[in-house]
Amino acid sequence: MLTVNAYGATSATEPLAPMTVERRDLGPHDVLIDIKFAGICHSDIHTARGEWGGTAYPVVPGHEIAGVVAEVGSEVTKHSVGDRVGVGCMVDSCGECVNCQAGEEQYCLKGNIGTYNAVGKDGQPTQGGYSTHVVVTEAFVLRIPDGLELDVAAPLLCAGVTLFSPLNHWGAGPGKRVAIVGLGGLGHMGVKIAHAMGAEVTVLSQSLKKQEDGLRLGADHYYATSDPDTFTQLAGSFDLIVNTVSANIDLDAYLGMLAVNGTLVEVGAPENPMTVAAFSLIPNRRSIAGSMIGGIPETQQMLDFCAEHNLGAEIEVISADKINEAYERVVASDVRYRFVIDTSTLS
Ligand code: NAP
Ligand code: ZN
């Protein structure tokens, strides 16, 4: 067992604080990763604050992990000491069901094992990336291509793949009109990736405050959803809308912007259920869908795609003692566009 420094939550209402966690001894297929950077995803905040229910405290969040392999188990073939690697939202799955076999481990029929707030195959709680080291089975460790610095690569492990997967699945590319709702951690990667795929990209943000950034990141158009005219002006105009908003929004209003056969994909995961009127879907054969991160092969595909197109995240690197402040800023939509913890500040 390795006792490592970490930062985590002891209850839904207390601020996060320094703590230690145990990392298991290396099994034959395990990799010990020296974590260099960990992104702060809004899901970390939902979990630390118990907004989705089911949080087991203490919890060390963090599922956007980038680091270097420090040690490998006796039978590891995929990674070597010194390799630059990443870990996303999952650290294991059954490996046998139809979805795991198809490389869609996120939809494992037995439930994938989350990087934190889950129970590992060893029966111990999993703890995430706001820490100095983590032990992960080799199949769930991704290769970070040379072209990507570790700090800007970390957010790709969740934010990157969560947008890459639906954009890929619903065919974002030349001739497709794609809207990204919310220009935060997920949304800004959605803009970059959809643009690199060749789609016509529109940002739908609460205000025009970040318009200049949005256009620089690759958007063709930028609208404020606080302006009711946006919804009439853009009625029926998108093939695909990806909603990244962490709060409940009026989905009916957004569905009205879909063209015939258009799909609104929900990736934002707000605390409360959403309602949809049947007549927001029926008249234009519209669909509403959801999408969760991406499988391991798709995550590697995304990392390679981002390296090829030079798409890192836009980040603000912080020390561990700034995590609580960063949480407040994320909740206030005051993030440009991902906070990344320099884990050397944990020791
Ligand atoms: P984030 O950085 O906070 O971005 C969310 C953005 O949504 C904000 O920057 C803001 O953009 C917009 N927004 C926030 N509150 C709003 C409100 N009340 N009304 C309208 N717009 C609002 O969060 P994130 O890390 O990107 O995560 C977004 C959501 O995705 C979270 O719920 C997270 O749990 C979820 N998530 C899902 C998956 C998955 O697999 N499906 C994976 C990761 C995260 P503007 O200022 O531009 O309006
Ligand atoms: Zn996440």
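**Exercise 1.** Which residues in helix 4 meet which residues in helix 5?

*Solution.* Before starting, note that this is a predicted model, where local features need pLDDT of at least 70, side-chain atom pairs count only at pLDDT 80 or more, and totals for chains, interfaces and linings use all residues. Residues are numbered from 1 along each chain as its sequence is written, chains are lettered from A and ligands numbered from 1 in the order in which they are written, and side-chain values use heavy atoms, with hydrogens and water left out.

Step 1: find the helices. Helices are DSSP runs of H or I with at least four residues, strands are runs of E with at least two, and both are numbered from the N terminus. Helix 4 covers residues 159-169, and helix 5 covers residues 185-197.

Step 2: list the contact (heavy atoms within 4.5 Å). From helix 4 come Ala159, Gly160, Thr162, Leu163, Phe164, Leu167 and Asn168; they meet Gly185, Leu186, Met189, Gly190, Ile193, Ala194 and Met197 of helix 5.

**Exercise 2.** Describe how helix 4 packs against helix 5 and helix 10.

*Solution.* Step 1: two packed helices are described by the angle between their axes and the distance between the axes. Axes are lines fitted to C-alpha atoms, for helices over the stretch in contact, and angles run from 0 to 180 degrees between N-to-C directions.

Step 2: helix 4 and helix 5 have axes that come within 8 Å and cross at roughly 45 degrees. That makes helix 4 oblique to helix 5. Angles under 35 degrees count as roughly parallel, over 145 as roughly antiparallel, 65 to 115 as roughly perpendicular and the rest as oblique.

Step 3: turn to helix 10 (residues 296-308), whose axis is 10 Å from that of helix 4, at an angle of about 100 degrees. Helix 4 and helix 10 are therefore roughly perpendicular to each other. Helix 4 brings Gly160, Val161, Phe164, Ser165 and Asn168 to this contact, and helix 10 brings Glu298, Thr299, Gln301, Met302 and Phe305.

**Exercise 3.** Explore the surroundings of ligand 1.

*Solution.* Step 1: ligand 1 is surrounded by 30 residues (a heavy atom within 4 Å), and the closest are His42, Leu183, Ser205, Lys210 and Arg338.

Step 2: look for polar contacts (pairs of N or O atoms within 3.5 Å; within protein, one must be able to donate a hydrogen and the other to accept it, and residues adjacent in sequence count only if both atoms are side-chain atoms). A polar side-chain atom of His42 is 2.8 Å from a ligand 1 oxygen. For His46, a side-chain N or O atom lies 2.8 Å from an oxygen of ligand 1.

**Exercise 4.** Locate a cis peptide bond.

*Solution.* Step 1: the bond from Tyr57 to Pro58 is cis, with omega near -5 degrees. Step 2: Pro58 sits in the loop between helix 1 (42-48) and strand 4 (65-72).
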